[in-house]
Every structure is written in C-alpha cells, then in structure tokens.
Amino acid sequence: MFSGVKTLSSGICHCRVHLFLIVLFAVSGPAVRGNTVELTLLASADLHGAANQIRSAIAPAVKKEFARTSGSVIYLDVGDCVQGSPELLLNRGSGILPELYKSGCSIFVPGNHELEYGFESFRKLLAEFPGTVLAANMYAPELAGHFTDAVIVEKNGVKIAFIGLMLKGMENSFPVLESRFRSLPGKAVLRKTVNKVIAQGADVIVLLRHAGKYGGGENTYDLIKDIPEIALVIGAHTHKADAGSMVGNAWYVQPPAYGKALAKVRIFYDRKLRRIKQMKSSLIELPEYEPEYTSAGRKVNSWYGRTPDHPAEIIRKKYNTDLAIYAISSPAKMQEFLSDPAPELTDFYRVFPYFDAIVTVKVTGGEFAAILRDFARFAHKRKQYLAKSGFSADIRRGKVQNIGTVIPKKSYTLALTAYAAAGAGGNLMEVKRILKDKIDYKQPEKSPSLLEILTEQQR
C-alpha cells in the first residue's frame, strides 16, 4: 500500500481559506470523535469494462470500508468505465454502469470513452447509472436531468461538495453537432460552480476531473491556482497512480487503471473550527481477477497471409466507397494477428479494441490529399500503420510524397472512422475542419462497430 499525508490543509470558514500546519495524530474507530469527524472517500477510475474486477474485488473492498466507518464512506468513479471488453463494444457500453452502482459507487464523472459509442448511446449510458453523474463543463441541452455540475453530500454534519469535470474537447471523439454537445473550458465553469457550492454551505470542496495532473488540455495547477477553496483533486485518464501529492494548494490523488487499487482519502474535519485538520491518502491494492469474456473461444476466419491494408479494403467494399483509410494503433499486434491461422473473436478485439463506427463522405482530390497528410502526421507521431484502400501513396516519416488512385475523378467517396472524422480527440483537427459540413451525423449513430464489420461474414 502506498500512502501520503497532506501537511498543509485548506478549509472553508466564512468563505475564506485558511492554511495551517497540522499535528499528525492517529485516528481509528468511530467516524466521530469529539469535534473531529472522519470522512472517507474511495475512488476508482479507468476501469475499462473490468466487470469481474468490480464484482469480485472492488465491491467487497467498498463494503469493508462501509463497515469500518459505520457508513461514513463515499465511493466515486472518475470515468472511462464503459469500454474495455468485446461484450461492451458489441453492446455499445451498456450494462457496466449498473454494476458499478451495485458495488457502492454513488457518483460518476464521464471519461472520454463514454462518448465512444455516439451521442445517443451516451444518453442511454447516463440513464443506466442510478447515482449522480457530474459534468460541470458539459453543454448538452438534451441531456438535462441526466447530469449536474455538482452535488453536496452530508456525512456526520459535514457537507462535502463534489464538482465533476470531463476531459476538454470530448466533442472531438465522436461526430456530434455542437448545438447538441460540447465540453466547455474548465476554469470559468469551475469558478462559477465553486461559488455556487459555497453559497449552499459546502464545508469541503472536492474536484473530480477525468484528466491527469498535468495534461488533458488544461493543466491542473493552472486550472485551480486561483480557486484555493478546492481542498482535494481526484484525477484519472493517464492510468498513472498517485497516492497523494500537492498541486498548488490542493492535495492530488489518482487511482490506477483497471481496478488494481482504490484510492482512499481520509479527511479529518473539525466541525467547531470548520476546517480540515488533516488529510491522509493511500492506494488500497486489490486482488486482480481475470476478465470474463462470453465471446471467448468464438472462432473467426483467419486473415493469415493478408496485408495490413486488409481492414481498409473490407471497409471500402462494405460501404462501396472509392477510398478508405484506417490507422492501426498497434502494428505489432496486427502482424501477430495476420500470422495466426486460427484466431478467435478476442484476438480480433485485441487489434481493434475501439468501437470505431464508420462514416462516408464526399471529398475532392485536394481535400483528400489534405486529409491524408493530416493522417500521415498523426500515424507517424503515434507509431501507427495507416491502412489504405482504393489508392496508393508513398508515405515516409509522416510525410506524403505522392498519391495515386485507380481511377482519377473530380470527387471521391471516402470511408473512415467516426473517431477520425471527429478529430481523433484533437489530433486530426484538419480532418475535422474539412469534414465538418460533409458528415451525415445520423450515420455513425446507427453504424455497427468496426469489430462487427470486420467479422460480419462469419456471423
């Protein structure tokens, strides 16, 4: 177990922040001792569909903590839960958030993968979670009632405010009209929300952010440096665990991915002085359980002897387009797969683990050349292989030397993934700019996953 102690603590007292040295002391037993209240927060993040880990490891650990503190525990999750198994991919993420809630989780902040299946599926996923969904920086008028900016939970007379922030630029993960969905800049939203919870009597303010300490498009330190009322930040997304460290005036904690441990934060609050006396954080290591795949053992046709361009060829033929491109994120796994004479569906999934709906668009030759250049830079930077069909191209070190097509035309139909068309999380913004007004936004919402497309002849 890794642990940390915050030796400088902040609390709200008549809406002013007080910094003070603390005296370390041991507290055990009852959650209330004199004027001091112990509050326990448990957090997970980046579970990525680990349903068996949730049931077999997380749920018992949470139950144990509830029993230890006579119920003074709040368990929360900071996103990226609905993607990570073949079953979830084929069901557009459905079914895992109810499992999370049954394990004791009452607060959930969406991660970037929660939008992987499209806006309509995102709506259904949020509706599946009976607890509170937090996303202060989400603009989505149609989802009113499915999420809120903050929630105040009262335990033993102490009001803890939780504020949730999604990753910046989530609208770059799946094609969606900005009038329906976008993630707003975090700083202005955060200041406004902090003011709101202070007015509602919050004693302790906790920021739950699906981003790492330094990344996510908004550096955590810069995000909170003018908002000293925030005592604790719980992060996610980078899969890098942090048992406890300072970021500005706040204490920062991040649980590891896949449910390998829970982050645990014990807050000792003085109700008389209305301030935090001490925070102690640690990572509770958990036993690791193997995933349970119902698709395990399901045979699929081998691609033995095929070239790495084969996925693009299948996409082009399926959608009857002139051209198709697809960035293979793991060329090594792809080569291993192409040498397997008897693969299973789970082997397909290891190479194609994302939903990747397909969109088709009409582009001019010049537009396609610009798209290909953007793709080539992206693939080179990420050490990916750019699968091609319907054209030839000499690509060296991320630069396109020349492009040749089978039949030169004034315009072409192009097939590519919805993720790429939306900007690939901010990495293909030239592609997004070119295709923004060309996409039929209903198409990817109804499209099957790439995994289904590549294996459909075997079903």
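**Close-up views of a predicted model**

**View 1. Elements around the second largest pocket.** Helix 10 (365-381), strand 21 (385-389) and strand 22 (391-396) each give at least two residues to the lining of the second largest pocket. Helices (H or I, at least four residues) and strands (E, at least two) are DSSP runs, numbered from the N terminus. This is a predicted model: local features need pLDDT of at least 70, side-chain atom pairs count only at pLDDT 80 or more, and totals for chains, interfaces and linings use all residues. Residues are numbered from 1 along each chain as its sequence is written, and side-chain values use heavy atoms, without hydrogens and water.

**View 2. Residues lining the second largest pocket.** Among them are H380, Y385, K388, R396 and R397. By class, the lining has 5 nonpolar, 3 polar (Gly counts here) and 3 charged (Asp, Glu, Lys, Arg) residues.

**View 3. An open sheet of 6 strands.** The strand order is 10-11-13-14-16-15, with mixed pairing. Strands pair if DSSP finds at least two bridges between them. Strand 10 (150-155) and strand 15 (242-247) are the edges; each has a single partner strand, so one side of each lacks a neighbour in the sheet. Neighbouring strands are turned by 25° against each other on average, direction ignored. Axes are lines fitted to C-alpha atoms, for helices over the stretch in contact (heavy atoms within 4.5 Å), and angles run from 0 to 180 degrees between N-to-C directions.

**View 4. Strand 15 beside strand 16.** Strand 15 and strand 16 (residues 250-254) run antiparallel, joined by 4 bridges. M246 has W251 of strand 16 as its bridge partner.

Methods: On a 1 Å grid over the protein atoms alone, a cavity is a set of points where a 1.4 Å probe fits but cannot get out, and a pocket is an open set with protein on both sides within 12 Å along at least five of seven lines; lining residues have an atom within 4 Å of a point.
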